[in-house]
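Visitor: Before we start, please put the structure up. I would like to ask about its aromatic residues.

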Amino acid sequence: MSEIDPVALTQALIRRPSVTPADAGAMDVVEQALSGLGFNCRRMPFEGIENLYARHGLQGPNLCFAGHTDVVPVGEPGAWSVGPFEAKIEGGVLIGRGAADMKSAIAAFIAAAEGALAAGEVRGSLSLLITGDEEGRAIHGTRAVVAALQAEGERIDHCLVGEPTSSALLGDMVKIGRRGSLNAELVVEGVQGHVAYPHRAANPIPVLIRLLAALQARRLDDGYPEFQPSNLEVTTIDVGNPATNVIPRAARARLNIRFNPAHTGPALADWIEAESAKAGKGFGGKVEARIEVSGEAFLTEPGPFVELVAQAVEAVAGRRPELSTTGGTSDARFIRAMCPVVEMGLVGATMHAVDERAPVAEIRQLTDVYRTLIRRYFEDFS
């Protein structure tokens, strides 16, 4: 068995332009590498999205690594110093879309798994849950795979997600929880008319303004243990009225709420719907709130597994990571339904940016962190 080079494997993945929802052969690269190590690989496509669940071993405990091969668009290719999918190394730094978020982490874990298996350190099972739908709506990716695995009775004991959680230095931060996320589109439909004859129209704009003001007036909370305060942000207001003498027929707005465990998605949705009904009272039109909860808030309480991850980071990187719940959402919000989950990966400063990058030395160091974690996991949990 030839030794897997995590840097070369990352380059092979970056060279597959897997911009959500396209796969572009990225999952084939992962499957080929894992099949060569003796993993039982199952492709689990849902609605055209490529997903992979691979497992080595039949006994417990089952340590799972989760990640995604899909990436965000590159923006303007000409703004990049190199081709965004060329995966060039310049000055010891690998540049390419997905270098930080998160093809390097997938490659690092596969290389770490190879070393651990060869050394006989896996006394149980290793598995990988890789999706192609994390950067999109995340409906047909990890969410669907987790539901299918649960229906089959598959057991995962603990999971590490390879998101780029580090802030400034590799291993300075791991995520032990995430805030929930709710998206809402507010649509107010009135009656179009001439501005000189407002009694013949029903202007949707004042209604929308009142509704947004009522929603923003509420202080959601002052924080929650281990979490920052929840926040509501209006992201767009659209009327699309080019005329100065026309009362428009409709007005729309979108907002997002990032919420801590003081709230649930359904409770926040009920509040928005109640405020929408109140704003539309006496209005000669219709007010509608279209709401989607993309994930609930969760926390993996500090304990043996969290401590194990922290110790593996400290043993390799020489620093004790901060335990954090900051940042956006990730697929950990779905996996936590199966088992405790912790996130740890590269520095995320350039994720989604032009010239996304990862130092080659840090990709190798991350491989060592994952290898240390695998070895110690089976020492402690087998």
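**Aromatic pairs and their labels**

Guide: In this predicted model, Tyr377 is buried, at 0% relative accessibility.

Visitor: Why is Tyr377 called buried?

Guide: Buried means under 20% relative accessible area, and Tyr377 has 0%, so the label applies.

Visitor: What makes Phe381 partly exposed?

Guide: Its relative accessible area is 26%. That value lies between the limits of 20% and 50%, so Phe381 is partly exposed.

Visitor: Why is the pair of Tyr377 and Phe381 called stacked?

Guide: The ring centres of Tyr377 and Phe381 are 4.7 Å apart, within the 6.5 Å limit, and the planes meet at 20 degrees, under 30, so the pair counts as stacked. The two residues are four apart in helix α9 (residues 360–381), which means a separation of about one helical turn. Tyr377 and Phe381 also belong to one aromatic cluster with Phe305 and Phe378.

Visitor: How many aromatic pairs does the structure hold?

Guide: Seven. One of them is Tyr224 with Phe227.

Visitor: What makes the pair of Tyr224 and Phe227 edge-to-face?

Guide: The centres of the two rings lie 6.3 Å apart, within 6.5 Å, and the planes are at 65 degrees, over 60, so Tyr224 and Phe227 form an edge-to-face pair.

Visitor: Which of these two is buried, and which is partly exposed?

Guide: Phe227 has a relative accessible area of 7%, under 20%, so Phe227 is buried. Tyr224, at 36%, falls between 20% and 50% and is therefore partly exposed.

Definitions and conventions: Residues are numbered from 1 along each chain as its sequence is written. This is a predicted model: local features need pLDDT of at least 70, side-chain atom pairs count only at pLDDT 80 or more; totals for chains, interfaces and linings use all residues. Side-chain values use heavy atoms; hydrogens and water are left out. Rings of Phe, Tyr and Trp (its six-membered ring) pair if their centres lie within 6.5 Å; planes under 30 degrees apart count as stacked, over 60 as edge-to-face and the rest as tilted. Buried means under 20% relative accessible area, exposed over 50%, partly exposed in between (1.4 Å probe, protein chains only).
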